[in-house]
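Welcome! Please take a look at the structure shown here and keep it open while you read.

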Amino acid sequence: MSILKFLNRRFLIAFLILVGVYTVAVWVLNFHSERKTASELNVAQLKSFVYVAENARRKGTLRDVVGYFPGDIRVTVIDSGGRVIFDTDSALVGTFENHNNRPELKGAHFHGSGIGSRVSASTGENTFYYAEFFGDHYLRVGVPNFLTPEHSFNLTRLLLLVGILLLFVLAWRMYLAAKAHAEHLRRLAGLSKKIASGAEVMPDDIDADAGDDITGGLLEILHQKEQIRKDLEAGRERLELHFEVSDIGIGIFDPDGHTLFANSHFIQYANMLSSSPMTEVGQIMDDPVLSEIKAFAGSPYDPDRRMKSIKIDRNARTYEVTCLRDEKGGHEITITDITETEKNRILKQELTSNITHELRTPLTAIKGYLEMLSYQDLSEDERTAFTDKALAQSARLSSLLDDISLLSKLEEPTNSYTFETLDLRLLVEEARIAFTDRLTDTGDTFHNNLPSELLIDGNYSLLFSVFQNLLENAIRYAGSGVTIEVNLYHKDNRYLYLSFHDTGIGVDDSSLGRIFERFYRIDEGRSRAKGGTGLGLSIVRNAILFHGGQVQARRHPSGGLEILFTLPLKHASN
């Protein structure tokens with residue numbers, strides 16, 4: 001049995017019970033109301049007979065007066081002890097039992113008057129009694145009680161039965177209507193389940209003539225679902241087409257310019273193209289660099305001219321920006337890094353020679369210092385000076401080997417790095433504390449603008465090396481008295497978008513595209529004099545890539561160097 005049929009039967013049974021209880025209650029109340037009304041009428045009538053009979057008793061004419069009463073009126077006088085001393089039927093006097101227990105006498109004794117209704121023991125008739133107490137005797141008047149069950153069926157009850165019959169007819173009609181409606185709801189419930197499960201449901205499957213709100217709502221949902229399905233299918237095909245190409249930034253916008261989708265490459269490339277970091281992806285359309293794209297996206301739709309591409313040179317890199325429009329006014333923008341270079345291959349070819357070259361310099365210096373120390377005529381101060389220089393070159397050589405080892409590990413598939421939940425702000429603070437003395441010596445100021453409890457899933461040592469190398473690079477090469485800042489300029493449910501910049505001397509455009517190369521130095525002599533290995537920013541790049549992020553360099557509006565990079569909130573294996 002379905003739940004709807006069960007509820008229909010429950011409704012009918014409950015209604016019948018309710019009507020039955022109501023009928024009995026009305027019948028009982030009506031019966032008692034009639035009895036009360038009749039009793040009040042009898043009392044009002046019998047009071048006058050009591051009054052006349054008592055006056056006649058006092059005058060000694062009771063027997064004569066009673067003879068004038070209607071034949072069905074019975075008068076009885078009872079003394080205070082309950083003995084009958086007078087009765088309309090004088091022949092019965094002396095045969096009555098004691099009347100002290102009669103309810104009408106008890107009522108008269110305590111309240112002055114009392115009533116009772118019962119079958120008379122002397123006459124055998126159902127009699128209504130009214131009695132009053134006069135101090136030393138009771139005077140009781142009785143009259144046949146016509147309010148008996150066989151007389152209770154009157155016109156009021158007939159009307160009540162007719163009303164009840166009409167209620168039953170109405171209940172049956174309601175049951176039939178509810179049953180039909182329940183069947184309609186059952187069909188609609190089945191269709192709703194099919195819609196929820198994704199099964200195909202056509203508008204023709206619904207009775208459009210039902211005319212109720214539920215049917216109309218389902219029809220509207222079906223039409224909307226079909227439209228949404230078409231839109232999603234078209235969107236899915238577009239996205240699949242674009243995602244097949246790697247390293248392409250993709251942004252999808254509605255006709256009003258609101259962002260519907262933007263991948264991490266799009267956000268990163270858009271910030272590389274914009275004049276300053278963006279808080280909203282859609283702001284890229286207001287940047288002058290994309291004025292042609294914005295004009296094309298806002299022009300009237302032309303089916304023969306749905307796409308426009310432009311090339312932009314920015315920060316020593318070349319990007320291709322393409323806008324694809326649809327007939328509804330929405331548009332897609334792709335940003336592709338098309339810089340023609342084979343940096344990785346070239347770096348691998350040059351790696352051996354570079355390492356040999358970089359190692360030869362400190363080794364040659366150490367050899368020279370040791371040869372100098374071999375002379376016997378050096379003073380103690382000279383020996384100390386050459387020893388210190390040899391130790392410094394040894395430390396530089398050790399640092400260089402450590403950096404090369406770290407880079408090698410980052411470029412090889414390995415599971416040796418463990419990932420854990422880190423507070424990025426606290427990690428940056430630890431890097432700042434490690435450089436406190438050097439910041440004081442150079443007069444530089446460092447601002448950690450990251451928000452509190454900025455949690456990320458990463459490797460502590462690698463992320464620490466990222467900010468350590470960025471901070472050391474700024475202290476070494478940006479100049480004295482500069483301001484260094486790290487900022488979070490955007491965050492979504494997948495990535496953190498970070499900016500690290502200084503207000504120092506900066507890097508020229510020709511070098512921006514190469515600063516992440518191994519052993520690349522803008523000023524060879526100055527870099528070596530400051531003790532750099534030429535691998536710091538390369539470590540930064542590889543550590544960020546190892547975490548699944550992206551990194552780019554550009555000139556900051558202040559003139560200094562700015563590093564833009566992303567870090568995923570969760571490691572890919574989690």
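Here is a short tour of the sheets, helices, salt bridges and surface of this model. The model is predicted, and the residues are numbered from 1 along the chain. There are two sheets to visit: one has 5 strands in mixed pairing, and another has 5 strands in antiparallel pairing.

**The antiparallel sheet**

- This open sheet has its 5 strands in the order 2-1-5-4-3.
- At the edges you will find strand 2 (84-87) and strand 3 (113-119), each of which pairs on one side only.
- From one strand to the next, the twist averages 20 degrees.
- Strand 3 and strand 4 (residues 126-133) run antiparallel and are joined by 7 bridges.
- To see this pairing at the level of residues, find Gly114, which stands opposite Ala131 in strand 4.
- Helix 3 packs on this sheet, where it touches strand 1 (74-79), strand 3, strand 4 and strand 5 (137-144).
- The direction of helix 3 makes about 175 degrees with that of strand 3.

**Ala108, a residue of helix 3**

- Ala108 belongs to helix 3, which covers residues 103-111.
- Is Ala108 buried or exposed? Ala108 counts as buried because its relative accessibility is 0%, and the cut-off for buried is under 20%.
- Which residues does Ala108 touch, leaving aside neighbours within four places in sequence? Ala108 is in contact with Ser113, Gly114, Ala131, Glu132, Phe133 and Tyr138.
- Two of these contacts may look familiar: Gly114 and Ala131 are the residues that stand opposite each other in the sheet.
- Phe134 is 26 residues away from Ala108 along the chain, and their C-alpha atoms are separated by 9.0 Å.

**The mixed sheet**

- Here the 5 strands form an open sheet in the order 12-14-15-17-16.
- Its edge strands are strand 12 (445-448) and strand 16 (551-555), and each pairs on one side only.
- On average, neighbouring strands of this sheet are turned by 20 degrees against each other, with direction ignored.
- Strand 12 runs parallel to strand 14 (residues 483-491), and 4 bridges join the two.
- His447 has Glu485 as its bridge partner in strand 14.
- As a general point, the strands of a sheet pair through backbone hydrogen bonds, in either a parallel or an antiparallel way.

**Helices lying across the mixed sheet**

- Helix 6 (residues 264-273) lies across strand 14, strand 15 (495-502), strand 16 and strand 17 (561-568).
- The angle between helix 6 and strand 16 is about 15 degrees.
- Helix 10 (residues 424-434) lies across strand 12, strand 14, strand 15 and strand 17.
- Helix 10 runs at about 165 degrees to strand 12.

**Salt bridges**

- How many salt bridges does the model have? The count comes to 15.
- One of them joins the side chains of Glu97 and Arg102, at 3.2 Å from N to O. Glu97 is exposed at 51% relative accessibility, whereas Arg102 is buried at 13%.
- Asp286 and Lys294 also meet through their side chains, at 2.9 Å from N to O. Asp286 is exposed, with a relative accessible area of 55%, while Lys294 is partly exposed at 42%.
- A further salt bridge links Glu517 and Arg514, at 3.0 Å from N to O. In this pair, Glu517 is buried with a relative accessible area of 13%, and Arg514 is partly exposed at 39%.
- Glu54, Arg57 and Arg58 are linked in a network of salt bridges.

**A nonpolar patch on the surface**

- Ile13, Ile17 and Val21 make a nonpolar surface patch of about 290 Å².
- Ile17 lies in helix 1, which covers residues 3-59.
- Why does Ile17 count as exposed? Ile17 has a relative accessible area of 52%, and the exposed class takes in residues over 50%.

**A glycine in a loop**

- Gly513 sits in the loop between helix 13 (509-512) and helix 14 (524-529).
- Gly513 is buried, with a relative accessible area of 16%.
- Gly513 and Thr339 are 174 residues apart in sequence, and in space they are 9.8 Å apart from C-alpha to C-alpha.

Definitions and conventions
Predicted model: local features only at pLDDT ≥ 70, side-chain atom pairs only at ≥ 80, totals over all residues. Heavy atoms only, no water. Patch = residues over 30% accessible without salt bridge, like charges linked within 9 Å, V, L, I, M, F, W, Y side chains within 5 Å. Areas by Shrake-Rupley, 256 points an atom, 1.4 Å probe, with all protein chains shown as cover. Salt bridge = Lys/Arg side-chain N within 4 Å of Asp/Glu carboxyl O. Buried < 20%, exposed > 50% of the residue type's maximum accessible area, 1.4 Å probe, protein only. Contact = heavy atoms within 4.5 Å. Pairing = 2+ DSSP bridges. Axes fitted to C-alpha atoms, helices over the stretch in contact; angles between N-to-C directions.
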